[in-house]
Amino acid sequence: MASIPGPAGRLVSARIGLVYGGVPQGQYAMMRKLTRLMPFLPMIGLDRQVQPIDLDEVCAGLLALATRPELTEPVYVLAGPPMRFGAW
């Protein structure tokens, strides 16, 4: 964790969901590549819950955490609503 300037050098942590958007990397890049290669995706764990969030939303959330001293919880979740991995 990093200290953020503000009252008493408060500490906050952001737990970030499955990020998409921006430069394709990681799982996001793999999913984009696979969907271009074939009309279906061979997948397991379709009922697993994920919380996808766009990169721009992650940046806005981190900026809010860094600039709003009234946000005092030790941990914040930056993620979209839960959905089945197969639906994503």
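**Salt bridges, surface and largest pocket of the predicted model**

Arg84 has a relative accessible area of 40% and is partly exposed. The structure described here is a predicted model, and Arg84 serves as the starting point of its description. The residue is found in strand S7, which comprises residues 83-84. Its value of 40% lies between the limits of 20% for buried and 50% for exposed residues, and Arg84 therefore counts as partly exposed.

Arg84 forms a salt bridge with Asp47, in which the closest N and O atoms are 3.0 Å apart. The two partners stand 37 residues apart, so this pair links distant parts of the chain: Asp47 belongs to the loop between helix H1 (26-37) and strand S4, whereas Arg84 belongs to strand S7. Unlike its partly exposed partner, Asp47 counts as exposed, at 58% relative accessibility. Arg84 was also examined relative to Gln51, which is 33 residues away along the chain; the C-alpha atoms of these two residues are separated by 8.7 Å.

In total, the structure holds two salt bridges. The other joins the side chains of Arg68 and Glu70, with an N to O distance of 2.8 Å. Arg68 is partly exposed, its relative accessible area being 37%. Side chains of opposite charge can pair when their charged atoms come close.

The overall organisation of the chain provides the setting for these contacts. The protein chain contains two helices and seven strands, and from the N terminus on its elements follow the order β-β-β-α-β-β-α-β-β. Of its 88 residues, 20% count as buried.

Strand S3 spans residues 18-20 and includes Val19; Tyr20 lies in strand S3 as well. Val19 is partly exposed, with a relative accessible area of 30%, and for Tyr20 a value of 30% likewise corresponds to the partly exposed class. Tyr20 and Pro52 are 32 residues apart along the chain, while their C-alpha atoms are separated by 6.9 Å. Val19, in turn, contributes to a nonpolar surface patch together with Ile16, Leu55 and Leu62. The area of this patch is about 270 Å².

Ile16 also appears in the lining of the largest pocket, for which a volume of about 180 Å³ was computed. The lining consists of Arg15, Ile16, Gly17, Leu18, Gln27, Arg48, Gln49, Val50, Gln51, Val77, Leu78 and Ala79. Gln51, introduced above through its C-alpha separation from Arg84, is thus one of the lining residues. Strands S2 (11-16), S4 (49-50) and S6 (75-78) each supply at least two residues of this lining. By residue class, the lining divides into six nonpolar, four polar and two charged residues.

Taken together, the predicted model combines two salt bridges, a nonpolar surface patch of about 270 Å² and a largest pocket of about 180 Å³ within a chain of two helices and seven strands.

Definitions and conventions: Residues numbered from 1 in each chain as written. Predicted model: local features only at pLDDT ≥ 70, side-chain atom pairs only at ≥ 80, totals over all residues. Heavy atoms only, no water. 1 Å grid on protein atoms, 1.4 Å probe; cavity = no way out; pocket = protein on both sides within 12 Å on 5 of 7 lines; lining within 4 Å. Points joined across faces, edges and corners; volume = space filled by probe spheres on them. Helix = DSSP H or I, 4+ residues; strand = E, 2+ residues; numbered from the N terminus. Nonpolar A, V, L, I, M, F, W, Y, C, P; charged D, E, K, R; others polar. Salt bridge = Lys/Arg side-chain N within 4 Å of Asp/Glu carboxyl O. Buried < 20%, exposed > 50% of the residue type's maximum accessible area, 1.4 Å probe, protein only. Patch = residues over 30% accessible without salt bridge, like charges linked within 9 Å, V, L, I, M, F, W, Y side chains within 5 Å. Areas by Shrake-Rupley, 256 points an atom, 1.4 Å probe, with all protein chains shown as cover.
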